[in-house]
Every structure is written in C-alpha cells, then in structure tokens.
Amino acid sequence: MFKYMKTAGMSCLEKTNGGIIYLLPDVLIKICTLIPLIFLWRVVMTSGARAGMNMSQMLTYTYVSSLLSDMMVIETAASGWLSEGVLMKLYGRPMSVLGQLAAQTAGSWLPMLLLFSLPMALLAPAMGVSLKPASPWFLLSLLLCISLGFAIDFLFACLSIKLRNMSWLISRIRTAIVSLFSGTIIPIGLLPLGIDRIMKYQPFACLGGSPLSVYVGSADPGSVILLQLIWNMLLWPVTLLVFKKSQEGIVSYGG
Amino acid sequence: MAVKNKVLRILKLFGISARMDLTWLLRDTKYAIAGITADIISNLSTVSGIYLIALRFNGIGGLNTDEILFMMAYSTITTGLFIMFGSGNNIHISRIIGRGQLEHLFMQPLSLKVQLFTSGFTPFTGGSNFVVGCIMLIIAMQRLSLPVTVWWVIFLIAYILATMTIIVARAYLVSSAAFYAPVAAEEISSAAIEGTWLLSTFPLSGMPSIIQVSLLTILPEGLMAWFPSLCLLGRAPLNFTEYYPLAFALILSLIASYVFRKGLNYYVKKGSNRYVPYGFRR
C-alpha cells in the first residue's frame, strides 16, 4: 500500500512542480463558473416549476458537484498516456498497472481540493449554500461512484487501445456523453420529455449524480446504492477481462 | 493593387489549407468522420444542457425556450467557426509558443500574421458545427418569427466577428505568458478557451447585475452568446449600447496585440529552451 501512497504523493507534487501560481487560472475558472451556475439555478428555481428538488437542495447539489468534480467523473491519464508513450513505462515497475493509474489519479486531485474545494467549502455559507449532507450513506455512494468511475475510464482506455490513434477523439466523445448523462451538471431527474425515467438506470447515472442525490436527500439511498453496486459488480469483471486482453495490443510511440 | 494581391494571396493560402483538409478527409475517411462526429457530439452536449433546462422549466430568466435555442445556435456557430479556422493550434497559440514551434513559422516566406490567420482552416472536417449552428439558427428564427432585414444580417455577421475577435484576442493575451514560461503556460490558452466554454452558454438574464456586468467586462463570457443574441432579438440588456461587443472586441484586440508583441520581442531575444540537442522536447 505504501508504494501506491508514494505514487499518489508524487502525482500530487507533480501538479505543483511549476509553482502553485500556474494552477491559479484553473482555480479562477472553476470559481468563475461555479458562482454564475449557482445564480443560474437560483433564477431557474424561482420560476416556480416543479423540479423534484427545492432550491436549497439544488444549490447544494451544484456546489458539491463542483467541489468534488474530479471524483464525480473519474478521468485517469490512461488514454493520454497511451498516445504519449508513458503507459508503457508503468509495465516496468513492480506494481499493478491499474493500481498505479488509480494512485496517480487520486494524488492529482489533492492540489485542487486544497486550492479550490476547501476555500469554497468555507465560503459556502456566504453564498447561501448549506453543505450539510442529508444522509451518511453519501460516503458509501461516493466510494461506489469512484470505483465505477475507474472501471468506466479503464474501459474507455481499452477502446483507445483497440482503435489505436483515436484516443483524443474518444476522450472528447466520452467527456461529452458523461457530462450530460452522469447528472453532474444537470440532475438526471430534471431532464425533460421523460428522458429522466430511461436515463436513471444507465451506468453513467451511477457516477456523480448518485452520490449527489443522496447528499441532498432527493433520492432513496438504498435504491441508489443498490444500483451502484449492481453496475460495479457488472462492469469491474468486464473491465479486468477486457484490459487483460487489450494489453497485448498496446502500441505507443512516445510524444 | 498591393492590397488586392495580398487578399488574393490570403485566399490562395486558405485554398491550400482547404485542399489539405479535403485530402485528409478522402485518404483517412474513417478517422476524419470520427473527428467530425466528436466535434458535433461535444458541442451538442454543451449547448443541450442549457436547452434541456429551458425545456423543462419553460425558459430561463425571462428568455423563452425558442430564445434559448437562438442563443445556443449563436454559440454553436461561434464554436463551428472556431474549429473551422483554428484547427492548427493557431488560436491555441500558447501551444505553439510553449512548444518552441514559433521558429518553424519564422522560416516560411510569409508574415507570421498571415500564416497564423490561414494555417488552421479546415472547412471539410471542421465545418460541421458551423452547419449545425446555421440550421439551429434558421429553426430558431422561424419559431420566433424574427423579421430579418439586411441590417439584421449585417449585425449578425458583425456580432459573430466580434465574438470571434474576443475569443482570439483573449487567447493571444493570456498566451503571451508562454513567451516567458513556456512549459508552465503551454496549455494556458486551453484554460482561457475550453475552460470557460460552458460558462459562455449561460443565459445571464435574471441574474444579479454584478454578475452580468462582471461577465461582460472582466470575464467576457456574456459576450460569447448571451449579449449578442439579446441584441439580435432587439433587447440589448442592462441599457448597454448594442455596439458594446464591437467596442469591447476592438479594445481587447489592441491590448492583446500590444502584450503579444512585447512577449514576441522577448522571445526573439531569448529563444526557446524546449528542445534538447537531439530533438526531443523537454
């Protein structure tokens, strides 16, 4: 476990190698997106339409989604590293490749958690947002969301291996689909035309949208966690099998 | 005569870029179509989020669903133009500067401006969002029964040009940091362009004035779709003049031009340290 912790630590330090000042544009953009987004939902929710959530829940949902955005939809470096040739290096170390990717990803979250999430969490009351979770089951739901996120990300990495030099395109399509269907930007329950009823059972809905709905108390934790468990149990064996088979097909040129 | 020759030369260079783009489409059709699909899905995902909220709540902040569709169409057109004219990292200029590739342009028998203006033109593989945006715009205009006059069309083109100018000017302004810190600022244009893309689709109507004004001045995301769309719908917000986007684009481009030139002067004296003697990038 120590070696994975060390990998995570190195990944965290790598983010700040150029100095914290170079992380500030990303922090500023996150703040500048979050504040108007909070006001956008205020405007929308004051229209009086029924949304299955009250304004306080909606603001908390949006705020927490932004604070924990890296964990809501997992994006490892696997696909990028495939085209950059870095992925091959992982095979030269006495550690599991997927484990290294997971540790590296988790470590990379820390600078943004410290520079953005922590200060913004402290400022939440000033923005009129309550960060009190409605259920302690949020933590379990978040862990299942992270676990499923890794499984889905590794499957996309396998797709990149299969399709060779299309990793950038796959990444774009995946980001677009996941951002809409995971419920991290718009809660699944708010999708119109009955789309919500179909969408809530697909695996992407078990990512960010699930722990967030448990956090604000807009969904029954039991059914949400059960669905997350089912998708984890279905996708992890598939991921491990597909990744094992895909490894033979890895072609890296280096960047 | 000199101006005419220059214009002809630029058109020819656009033609060369277009021919190379077509060649790519014909020779590697599978990959090119995948790229076109990725562009369309990526943009539709961004704009559909706001549109779906508008559908669910019958509008946002005083804008009805069709007006939101009009705004999303405007945003899609700008995205389309951005991809169509900026596919060679010529708008993501910090990548070229940060990677030490500006020298490659110095070797060409063309001015830097002309090369950067024409090198990213991809009408065949990069024009899909522009077409989708135009279709969305026509649908929205029909649903809104907008009275289209020659002046309205001129204003539409002027606003789109102003929006594009703001995107390019801001990218060049922040990318000037890459002249001084090539490694750390290599991707700074992505933060300025992609990082704020979602924000640029927000309808700001109904938000507090301080947010609206901030997003029209400090961080001009309101000028990417919301403000020009409202002007085209005949309701310039906040009592601002409808010429505001044009004035903002002019001022920002002058500032960006000054800062970029300063950075370029520094760069030509100091050079880039990105390449090791045997060719690899640090």
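The following exchange concerns a predicted model containing chains A and B.

Colleague: Which scores does the model carry as ipTM and pTM?

Modeller: The coordinates come from a prediction. The scores for the model are an ipTM of 0.79 and a pTM of 0.86.

Colleague: In chain B, where is confidence lowest and where is it highest?

Modeller: Chain B has an average pLDDT of 88, and 97% of its residues score at least 70. Where pLDDT is low, the predicted coordinates should not be read in detail. Within chain B, the lowest mean, 83, belongs to H2(B), and the highest, 95, belongs to helix H8 (residues 150-175) of chain B.

Colleague: How many helices and strands are there in chain A?

Modeller: Read from the N terminus, the elements of chain A follow the order α-α-α-α-α-α-α-α-α-α-α. The count for chain A is therefore 11 helices and zero strands.

Colleague: What radius of gyration does chain A have beside that of a compact globule?

Modeller: The C-alpha trace of chain A spans about 55 × 40 × 35 Å along its principal axes, and 43% of the 255 residues of chain A count as buried. Because a compact globule with 255 residues would have a radius of gyration near 18 Å, the value for chain A agrees with that expectation: 19 Å.

Colleague: Which helix supplies the largest share of the side of chain A that touches chain B?

Modeller: The contact joins 28 residues of chain A to 32 residues of chain B. On the chain A side, helix H2 (24-45) and helix H8 (167-181) each supply at least two residues. By class, that side has 22 nonpolar, four polar and two charged residues. The largest share, 11 residues, comes from H2(A).

Colleague: How is H2(B) oriented relative to H7(B)?

Modeller: Two packed helices are described by the angle between their axes and the distance between the axes. The axes of helix H2 (residues 29-57) of chain B and helix H7 (residues 128-144) of chain B come within 9 Å and cross at roughly 45°. That angle is neither under 35 degrees nor within 65 to 115, so the relation of H2(B) to H7(B) is oblique.

Colleague: Which residues in H7(B) are met by residues in H2(B)?

Modeller: By class, the contact of H2(B) with H7(B) has three nonpolar, three polar and one charged residues. From H2(B), the participants are Ile36(B), Asp39(B), Ile40(B) and Asn43(B). In H7(B), these meet Ser128(B), Asn129(B) and Val132(B).

Terms used. Residues are numbered from 1 along each chain as its sequence is written. Chains are lettered from A and ligands numbered from 1 in the order in which they are written. This is a predicted model: local features need pLDDT of at least 70, side-chain atom pairs count only at pLDDT 80 or more; totals for chains, interfaces and linings use all residues. Axes are lines fitted to C-alpha atoms, for helices over the stretch in contact, and angles run from 0 to 180 degrees between N-to-C directions. Helices (H or I, at least four residues) and strands (E, at least two) are DSSP runs, numbered from the N terminus. Angles under 35 degrees count as roughly parallel, over 145 as roughly antiparallel, 65 to 115 as roughly perpendicular and the rest as oblique. Two residues are in contact if their C-beta atoms, placed from the backbone, lie within 7 Å. Ala, Val, Leu, Ile, Met, Phe, Trp, Tyr, Cys and Pro count as nonpolar, Asp, Glu, Lys and Arg as charged, and the others, Gly among them, as polar. pLDDT is the predictor's confidence in each residue, from 0 to 100. The radius of gyration is taken over C-alpha atoms; the globule rule is 2.2 Å times the number of residues to the power 0.38. A residue is buried if 20 or more other C-beta atoms lie within 10 Å of its own, exposed if 12 or fewer, and partly exposed in between; C-beta atoms are placed from the backbone.
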